[in-house]
Amino acid sequence: MFRVVAIVAGLGLAFAAAAEAQTPRKGGTIRMTAPYGSSFTSLDIHTTQRAQDEIYAKALHRSLYTWNSAEGKPVLELAREDVVSGGGLVHTFKLRDDAYFHNGRKMTADDVIWSYNRIMDGTKAYPGARYVRVIEGAAAVEKGQAKDISGLKKIDDFTIEMKLTEKVDPGFYFFTALTSIYPADEAAKEGFIQSPIGLGPFKFVEHVPGSRIVLERWDRFYKPGKPYADKVTVSIMGEAAARDVAFRNKEIDTSVLGPAQYVAYQSDADLKGTIVEVAEVFTRYMGMNTSFKPFADKRVRQAINYAIDTDLIINKLVKGKAYRATSWLPLTSPLYDKTMKPYAYDPAKAKQLLAEAGYPNGFEFEWTTSQNESWGLPIVTAVIPMLDKVGIKAKVKQVETAVLAEVVRSGDYQAFIYSQQTGPDPQAALKCFHSSTPQSACNYMNFKNADFDKLMDEAGQADDVAKRGQLLQKANALLYDEAPVWFFNYNKAVMAVQPWLHGVQLNATELTHQNVEDLWVDETSPAK
Amino acid sequence: MLSFLIRRLLQTVPTVLAVVLLVFVLFSVVPGSIVSTMSDDSDPQVELRMKQQLGLDQPVYMRFGAYVARLAAGDLGASFRTREPVTTMIAKRAWPTLQLIFASMAFAVLLGVPLGFIAALRPGSLVDTVSMVLAVSGLSLAKFWLGLLLMYLFALKLGWLPSFGYGDGGLKYLILPAVTLGVSPMALLARTTRAAVLEIMTADFVRTARSKGMSETRVVKWHVMRNALVLILTTMGLQFGALMGQTVVVEKLFSWPGIGSLLVDSVLQRDIPAVQGSILVVVLFFLAINLLIDVLYGVIDPRIRYA
């Protein structure tokens, strides 16, 4: 009997200990890292689309929606309710009445309207304009034809009406920090950029340019009991090797891993358990310019896909830090089609297709690339001999990443290799290939296909979500068959997280973007 | 002396103008623009309006003229990226860079000059060989690799120092980046000092001093050291300028908030005013250090006149 009691008691204690271990602890400092460069672009998050800047912005600011990693979709953040009317085009948002800016003032509808109008200032080219443009009348403000967005109406202090130009889920458009809500009165002042004020769980303390941002808990944050930590520091650490030393030395809590470190951490018994990974919504590919004669033929584009041993490149060069692309929509897209199979490595089939297209001896093209280790020159260098085997010669043209962005938008290339955001909104990701989408927007291959357009148009009109999903999946399959790109891989984002940091979310839109209010550190943290 | 200073200051004006012009011309011919780095999908109309607002729709010569006019009034313009005044951006980063450079140079001088002296006083000895092996190694080591090595040893293995960051700007954060940056000038100073001392030791005036019965300590102190200082100072001056350009790697590696990392980021994002401002500061620093060295020549060796 005693033995049974002892076992039960032991189990009870074990469960209690486990429960305690999972109970978020208040206090401590979360020490995050910003790995994508040697500085933050700006403390005005409206001006910058770099993933680097959104890392701190997730702590400082809030948008109308936020990304829920567990559910894999955007959810309301600054509004409690969204009532849809007007055939799916009108959204009436009931805003939170308990959201306070860091200067103590309550957020109202005026702040939301002011922020969206600001983002549409065409002379500033705010990157968030591409999202706000979905509101009726926003484009007119951007072009200087109107002062205010006509599709935004204040009903009362905590209610706004938003009329959209198309039937889309506004959550996908208003969840990033690019559309953060600013305090209308304060943000217009000159000093705002130096000492920004937001609605996020942490308030600004200091920015040491090129080194770190420090934020501390905002006690009037609207989520009860959150945030857990007292302080957040975001250290700028662009060098992977330096991050590695700092992580091993327990000076930082998170570190993004590149392919080489991914392998090293996996083979280290002490570090293996720190790895978290997620398929991010980015597709890596080689884009082909259809105005270049050989690439105008679908069979040539398919031949390229058959000619490359993609799995070999992913395993050997990318060190397994990627998932094989089986279509345009990535693994974590809600409409990812598991039944689709990637193009097989089949040089014979590639040769046959080339011969059928009138290129039995192949052809030559220029391949524009950056130096990126995961989707740049090293990959191109590995692919060239594979293409050579089927008679296709590729000449490399190397440019800076910033220049590559301009090259793909202007169409000044024969082929290029790139990484493009293909989510989280599958409709927006596929719409890039609609013939009405300008090349300068995201139709970089200048793709035009009447059947594809028809499917997308029908999806855009569909009220039934399931039907819309089916149409979009068909469009995705059609795109795969048309092969305007070599479907290379979907990024596998990998981050090392110290064992004392809890609540890390597997954010498929960008792993480093964490809802910081959900993170907490236990007592084993050196920065407790 | 005063006329010398004024003349030298006036000489810096064409140098500065040439640098500004060069940066302008370079950035007007290299591909890529700030507009494309700011947004993925700008409407061509919006791009045009933005270019108008930034003045990028003007011909290069007009932009150059406007910039020089602003420069004359002490205005470096506003950053395209952050919309902050460039002077503010540079001011925030100038002190950490100066801290790093002066600490590196202090390390280089305090270690390199004595090492060179000792080696020269005992040529061919074990001390000489070890000193020169260290000096050659110091010159050959890549800063990035050396920095990582120091991080690994002093932060990870020994736990004596933080591996990165600016912290409160205190000494413990400064040591590793300063040593990483200072090893190369230290090695150069050691070699230069050794060569200078060896040459002076065989000079006629040293032989004369010895033949007069002057002790070896006095010979070294009054004749050798003083004469060697001219060459050491010249090397120091050149190294100061070089260090300003080399901080980029060290700042990035150690997350040190200096002008080097500002310059690199600004170049990558085609933030022309920030690039011009940063380069201008580097050039002015280089010119100022050289001017100071010229003045010091006269203090060390009164025979040098400012003719």
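Is L238(B) buried, partly exposed or exposed, and how many other C-beta atoms lie within 10 Å? Let me take that residue as the way into this structure, which is a predicted model.

L238(B) belongs to helix 10 of chain B. With 17 other C-beta atoms within 10 Å, L238(B) is partly exposed, because the cut-off for a buried residue is 20 or more, and that for an exposed residue is 12 or fewer. Its C-alpha atom lies 9.5 Å from that of I293(B), although 55 residues separate L238(B) and I293(B) in sequence.

I turn now to chain B as a whole. Chain B contains twelve helices and zero strands. Its C-alpha trace spans about 85 × 55 × 30 Å along the principal axes. Of its 307 residues, 39% count as buried. Contacts that link distant parts of the sequence are well represented in chain B: when residues at least 6 apart are considered, 74% of the contacts join residues at least 24 apart.

Next, the domains. The assignment for chain B gives domain 1, residues 1-75, and domain 2, residues 88-304. Between the C-alpha centres of these two domains of chain B there are 32 Å. The contact between them involves twelve residues of domain 1 of chain B and twelve residues of domain 2 of chain B. On the domain 1 side, helix 1 (2-29) and helix 2 (34-38) of chain B each supply at least two residues. Helix 1 of chain B gives the most to that side, with eight residues. As to chemical class, the domain 1 side of this contact in chain B has six nonpolar, five polar and one charged residues.

Chain B also meets chain A. Which numbers of residues does each chain bring to that contact? Chain B contributes 48 residues and chain A contributes 42 residues. On the chain B side, at least two residues come from each of helix 2, helix 3 (44-54), helix 5 (86-121), helix 7 (143-157), helix 10 (216-254) and helix 11 (259-268). Helix 3 of chain B provides the largest share of that side, seven residues. The chain B side divides by class into 20 nonpolar, 14 polar and 14 charged residues.

Two of the helices just named, helix 7 and helix 10 of chain B, also pack against each other, at an angle of about 35° and with their axes 10 Å apart. The crossing of helix 7 of chain B with helix 10 of chain B is right-handed. From helix 7 of chain B, the contact is made by K143(B), F144(B) and G147(B), and from helix 10 of chain B by Q246(B), V249(B), V250(B), L253(B) and F254(B). By class, this helix pair has five nonpolar, two polar and one charged residues in contact.

Helix 9 of chain B, residues 204-211, offers another picture. How many of its eight residues are buried? The count is zero, and helix 9 of chain B is hardly covered. Just after this helix, G213(B) takes a positive phi of about 95°.

I close with a part of chain A. In helix 13 of chain A, residues 347-356, the buried residues are A350(A), K351(A), L353(A) and L354(A). Why do these residues line one face of the helix? Seen down the axis of helix 13 of chain A, the buried residues fall within an arc of 165°, so they line one face. The general background is that an α-helix has 3.6 residues a turn, so residues three or four places apart point the same way.

Part of the cover over the buried residues of helix 13 of chain A comes from helix 11 (298-307) of chain A. Y306(A) lies in that helix 11 of chain A. Y306(A) is buried, with 22 other C-beta atoms within 10 Å. Leaving aside residues up to four places away in sequence, Y306(A) touches Y343(A), A344(A), D346(A), K349(A), A350(A) and L353(A). The C-alpha atoms of Y306(A) and Y343(A) are separated by 5.9 Å, while the two residues are 37 apart along the chain. Helix 13 of chain A is followed by G358(A), whose phi is positive, near 95°.

Conventions. Residues are numbered from 1 along each chain as its sequence is written. Chains are lettered from A and ligands numbered from 1 in the order in which they are written. This is a predicted model: local features need pLDDT of at least 70, side-chain atom pairs count only at pLDDT 80 or more; totals for chains, interfaces and linings use all residues. Helices (H or I, at least four residues) and strands (E, at least two) are DSSP runs, numbered from the N terminus. Two residues are in contact if their C-beta atoms, placed from the backbone, lie within 7 Å. Domain bounds come from an automatic or database domain assignment. Ala, Val, Leu, Ile, Met, Phe, Trp, Tyr, Cys and Pro count as nonpolar, Asp, Glu, Lys and Arg as charged, and the others, Gly among them, as polar. The arc is that of the directions from the helix axis to the C-beta atoms. Axes are lines fitted to C-alpha atoms, for helices over the stretch in contact, and angles run from 0 to 180 degrees between N-to-C directions. A crossing is left-handed if the near helix is turned anticlockwise from the far one by less than a right angle, and right-handed if clockwise.
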